[in-house]
Amino acid sequence: MVLSFTGEHTQKVDGKGRMSIPADFRRVLEAGDPDWTPGLSPRMYLLYGDHLKNELHGYTVDEFTALIDQINAMPRGHASKKKLSHLYIGQSIKLEVDKDGRTVMPIKQRQKLGLKDGELYFRGVGDHFEIWKAETFTEQVGDSLKGWLDEQDADFDPLSLLEP
């Protein structure tokens, strides 16, 4: 059984960029790190590509490697390969999560979120998780999702959007 990132969490980040990764996300990071064993720190990839606008993405080592393998399998010289390489390989960093479940978000990534310290919003979306400045998430995603749901019929089932 493959674990996936699920749920929503609010965590604090301090002025030095230290933040806690939610405990259940750490279990997924451990399961997705082929070099992890009990007592070692799991590793993760933090993606900050320009295409992400006001959010960051966290990936397990396995998921990130699979993504990079797909990009590398594209033909040499292919225009999309170059763009994807810049966005995913060039604009990502590997982080280690310490024994207390913390890691340090570098200043460049905190600046992308418009954050010095404060609250971060973590949201699991299956193969990766999103990191947002909490206020930005509420304004840009939370309110928009609520508005979309309010527009639906009273008996609307979101699972009806899945292909049969």
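**Exercise 1. Burial in helix H1**

Task: In this predicted model, identify which residues of helix H1 are buried and state what covers them.

Solution:
- Step 1. Locate the helix: H1 runs over residues 23-31.
- Step 2. Pick out its buried residues. They are Phe25, Arg26, Val28, Leu29 and Glu30.
- Step 3. Look at what lies over them. The cover includes strand S1 (8-13), strand S3 (43-47) and strand S4 (55-59). Strand S7 (118-124) and strand S8 (128-133) are also part of the cover.

**Exercise 2. An aromatic pair between H1 and S8**

Task: Find how many aromatic pairs the whole structure holds, then classify the pair Phe25 and Phe129.

Solution:
- Step 1. Search the whole structure. The search gives 10 aromatic pairs.
- Step 2. Take the rings of Phe25 and Phe129. Their centres are 4.9 Å apart, which falls within the 6.5 Å limit for a pair.
- Step 3. Check the planes. They stand at 40°, so the pair is tilted.
- Step 4. Place the partners. Phe25 belongs to helix H1 and Phe129 to strand S8, so the pair ties together parts that are 104 residues apart in sequence.
- Step 5. Check burial. Phe25 and Phe129 are both buried.
- Step 6. Widen the view. Phe5, Phe25, Phe122 and Phe129 make up one aromatic cluster.

**Exercise 3. Packing of H2 on H3**

Task: Describe how helix H2 and helix H3 are arranged, and list the residues that meet.

Solution:
- Step 1. Set the limits. H2 covers residues 61-72 and H3 covers residues 79-90.
- Step 2. Compare the axes. They come within 9 Å and cross at roughly 160°.
- Step 3. Classify the angle. Angles over 145 degrees count as roughly antiparallel. H2 and H3 are therefore roughly antiparallel to each other.
- Step 4. Give the hand. The crossing of H2 past H3 is left-handed.
- Step 5. List the contact. From H2 come Phe64, Leu67, Ile68, Ile71 and Asn72. From H3 come Lys81, Leu84, Ser85, Tyr88 and Ile89.
- Step 6. Sort by class. The contact has 7 nonpolar, 2 polar and 1 charged residues.

**Exercise 4. The whole protein**

Task: Summarise the secondary structure, its order, and the overall dimensions of the C-alpha trace.

Solution:
- Step 1. Count the elements: 5 helices and 8 strands.
- Step 2. Read along the sequence. The pattern is β-β-α-β-β-α-α-β-β-α-β-β-α.
- Step 3. Take the extent. The C-alpha trace spans about 50 × 45 × 35 Å along its principal axes.
- Step 4. Add burial. The protein has 164 residues, and 37% of them count as buried.
- Step 5. Turn to contacts between residues at least 6 apart in sequence. Of these, 62% join residues at least 24 apart.

Terms used:
Residues numbered from 1 in each chain as written. Predicted model: local features only at pLDDT ≥ 70, side-chain atom pairs only at ≥ 80, totals over all residues. Heavy atoms only, no water. Axes fitted to C-alpha atoms, helices over the stretch in contact; angles between N-to-C directions. Helix = DSSP H or I, 4+ residues; strand = E, 2+ residues; numbered from the N terminus. Parallel < 35°, antiparallel > 145°, perpendicular 65-115°, else oblique. Left-handed = near helix turned anticlockwise from the far one by under 90°. Contact = heavy atoms within 4.5 Å. Nonpolar A, V, L, I, M, F, W, Y, C, P; charged D, E, K, R; others polar. Buried < 20%, exposed > 50% of the residue type's maximum accessible area, 1.4 Å probe, protein only. Phe/Tyr/Trp six-rings, centres within 6.5 Å; stacked < 30°, edge-to-face > 60°.
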